[in-house]
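Me: I have a model open and would like to go through it piece by piece. Can you take short questions as I scroll?
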Amino acid sequence: MTNMDKLYESVAANGPVCVGLDTEISYLPTTDTAKTAGENVVDFNRALIEATKGVAGCYKVQIAYYESLGMDGMRAYAETLKMARATGLPVIADIKRGDIAKTAEMYAKAHFTGDFEADIVTLAPYMGLDSISPYLPYCKDQGKGVFVLCRTSNPGAKDFEYQKLADGRHIYDLVGDSLTELGKDYMGEHGYSSIGLVIGGTHTEEATTIRAAYKNTFFLIPGYGAQGGKAADIAQYLTKGNGGVVNSSRGILLAYKKQPGVAFDEAAYNECVRMREDIQGECNKL
């Protein structure tokens, strides 16, 4: 069974909420001055994971927040991955690597084995398909997965991704088409490839077209909540409530600020449930 299969089953059981553990030290409601910043982050993440593991489809850990704390932060990163994977839920390492050749081989080894091992990683494809290929042996042999940037949720997506090719397609269409073709060799039990796509939920004009074009491709969908994506828009990128996970980071990590008197971990749980019900309600209308 591939990790995308596990992701499919997790979404079927718990819903499509991807809890983004993009934990900045300033997000913590309190800190222990006897501990390092990284140790405080780990304590926060541990409580958050324990509170949400029954209502999360997966976890995503953005490495930049940990790198910013130096070696202390990288220890926190490794520990956070370990704690999240111990739940049995799939864990995405949001590393957005995009290099080639031996460098990419080393990135793949670093994030699919050892201290920083994750189930799925995010990649940037703009150096070409040879920036993806070094990760594929891990998909074939160990069931690992990748989510490749295709059409993202940021305003700057219009700068390059939306540019038109001579045949009328957008650049993001070229990326999606190429990776879907490549992904046919890495299909799982539930009909989804180990090569997934990052499809932002903030630009919804092409939602039904994109979903129809990539029926066998799992989506990582950023943009819900803080970036402006609505559940009604997000639902169009899912297939009967599955086929994708919807990331929320600040909306969950900082939920306690909108729930006065509620502990941060309980508030995170409440937000996961609210988000799941919000999205499922819109999926039910389709």
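Me: What is the bridge partner of Cys18 in strand 2?

Reply: Cys58 is the bridge partner of Cys18 there. Keep in mind that this is a predicted model.

Me: In what sense do strand 1 and strand 2 pair, and over how many bridges?

Reply: Strand 1 and strand 2 pair in the parallel sense, over three bridges. Together with helix 2 (37-52), the two strands make a right-handed β-α-β unit.

Me: How many residues of strand 2 are buried?

Reply: Five of the five residues of strand 2 (residues 58-62) are buried, so the strand is largely enclosed by the rest of the structure.

Me: Which of them point which way?

Reply: Cys58, Lys60 and Gln62 point one way from strand 2, and Tyr59 and Val61 point the other way. That fits the usual pattern: in a regular strand the side chains alternate between the two faces of the sheet.

Me: And what is the bridge partner of Lys60 in strand 3?

Reply: Lys60 has Ile92 as its bridge partner in strand 3. Strand 2 and strand 3 pair in the parallel sense over four bridges.

Me: Stay with Ile92. Which residue of strand 4 does it stand opposite?

Reply: Ile92 stands opposite Ile120 in strand 4. Between strand 3 (residues 91-97) and strand 4 there are three bridges, again in the parallel sense. To get from strand 3 to strand 4 the chain goes through helix 5 (residues 101-112), and this β-α-β crossover is right-handed.

Me: Strand 4 itself, buried or exposed?

Reply: Buried: Ile120 and Thr122 point one way from strand 4 (residues 120-123), Val121 and Leu123 point the other way, and all are buried.

Me: What does Val121 stand opposite in strand 5?

Reply: Val121 stands opposite Val146 in strand 5. Strand 4 and strand 5 (residues 145-151) run parallel and are joined by four bridges. The chain passes from strand 4 through helix 6 (residues 136-142) to strand 5 in a right-handed β-α-β crossover.

Me: What do the eight strands close into, and in what order?

Reply: They close into a barrel, in the order 1-2-3-4-5-6-7-8, with parallel pairing. On average, neighbouring strands of this sheet are turned by 30° against each other, direction ignored.

Me: Further along, how many bridges are there between strand 6 and strand 7?

Reply: Two bridges pair strand 6 (residues 195-199) with strand 7 in the parallel sense. Val198 stands opposite Leu220 there.

Me: Which strands does helix 8 lie across?

Reply: Helix 8 (residues 171-183) lies across strand 5 and strand 6, and runs at about 155° to strand 5.

Me: Where is Pro222?

Reply: Pro222 is in the loop between strand 7 (219-221) and helix 10 (231-234). It counts as buried because its relative accessibility is 18%, and the cut-off for buried is under 20%.

Me: What does Pro222 touch?

Reply: Leaving out residues up to four places away in sequence, Pro222 touches Ser153, Val198, Ile199, Gly200, Gly201 and Asn247. Val198 is also the residue opposite Leu220 in strand 7. From Pro222 to Val245 the C-alpha distance is 8.6 Å, with their positions 23 residues apart in sequence.

Me: Back to cysteines. How many disulfides does the structure hold?

Reply: Zero. For Cys139, the nearest cysteine sulfur is that of Cys58, 16 Å away. For Cys272, the nearest is that of Cys18, 9.8 Å away.

Me: Are those two, Cys139 and Cys272, buried or exposed?

Reply: Cys139 counts as buried at 4% relative accessibility. Cys272 is buried as well, at 0%.

Me: Cys272 is in helix 12. Which other residues of that helix are buried?

Reply: Besides Cys272, the buried residues of helix 12 are Phe264, Ala267, Ala268, Glu271, Val273, Met275, Ile279, Glu282 and Cys283.

Me: What do they pack against?

Reply: The buried residues of helix 12 pack against strand 1 (17-20), helix 2, helix 10, strand 8 (244-248) and helix 11 (250-253).

Me: What span should helix 12 have, at 1.5 Å a residue?

Reply: Its 22 residues (264-285) should span 32 Å, and the end C-alpha atoms are 32 Å apart, which agrees.

Definitions and conventions: Residues numbered from 1 in each chain as written. Predicted model: local features only at pLDDT ≥ 70, side-chain atom pairs only at ≥ 80, totals over all residues. Heavy atoms only, no water. Buried < 20%, exposed > 50% of the residue type's maximum accessible area, 1.4 Å probe, protein only. Pairing = 2+ DSSP bridges. Right-handed = clockwise from strand over helix to strand, strands pointing away. Contact = heavy atoms within 4.5 Å. Expected span 1.5 Å × (residues − 1). Axes fitted to C-alpha atoms, helices over the stretch in contact; angles between N-to-C directions. Disulfide = S-S within 2.5 Å.
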